[in-house]
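Student: Hi! Could you walk me through this one? I'd like to start with the cysteines.

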Amino acid sequence: MNAVIIQTTCASQVEAKNLAKVLVQEKLAACVQLHEVESVYAWEDELCCDFETILNIKTRKENFEKVKSKIKELHSYDVPEIIQIDITNSSKKYTKFISDCC
């Protein structure tokens, strides 16, 4: 089993918590960490600076497409960040935890 972190950001903590709960309840993720961040980015030729909530979604690699679809379904952004980061090193117990949960 290959474990990954899927990263996305949400405009509010309410949206982020809702998405996190759905992913865990539907067994698409073992764990989702939420962190408040300040993002500086270019959007439609304008410089933007906003507070967002970043989600680190721990799941199986084979769940990527399902998680991506769920993010697109529930997300308020036109172009949500959806990035997969391979977990190349982790304890066997933590990898088993991810595998058992989703």
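Student: Why is the sulfur of Cys 10 not in a bond with the closest cysteine sulfur?
Tutor: The closest cysteine sulfur belongs to Cys 31 and is 15 Å from that of Cys 10, so it is too far for a bond. A disulfide here is a pair of cysteine sulfur atoms within 2.5 Å. Bear in mind that this is a predicted model: local features need pLDDT of at least 70, side-chain atom pairs count only at pLDDT 80 or more, and totals for chains, interfaces and linings use all residues. Residues are numbered from 1 along each chain as its sequence is written, and side-chain values use heavy atoms, with hydrogens and water left out.

Student: And what about Cys 49?
Tutor: Its closest cysteine sulfur is in Cys 48, 8.9 Å from the sulfur of Cys 49, which is too far for a bond.

Student: How many disulfides does the count come to?
Tutor: Zero, by that rule.

Student: Is Cys 10 buried or exposed?
Tutor: Cys 10 is buried, at 1% relative accessibility. Buried means under 20% relative accessible area, exposed over 50%, and partly exposed in between, with a 1.4 Å probe and protein chains only. Cys 49 is partly exposed, at 46%.

Student: New topic: which pattern does the protein chain follow along the sequence?
Tutor: Reading along the sequence gives β-α-β-β-α-β-α. That is three helices and four strands, where helices (H or I, at least four residues) and strands (E, at least two) are DSSP runs, numbered from the N terminus.

Student: How much of the protein chain is buried?
Tutor: Of its 102 residues, 38% count as buried.
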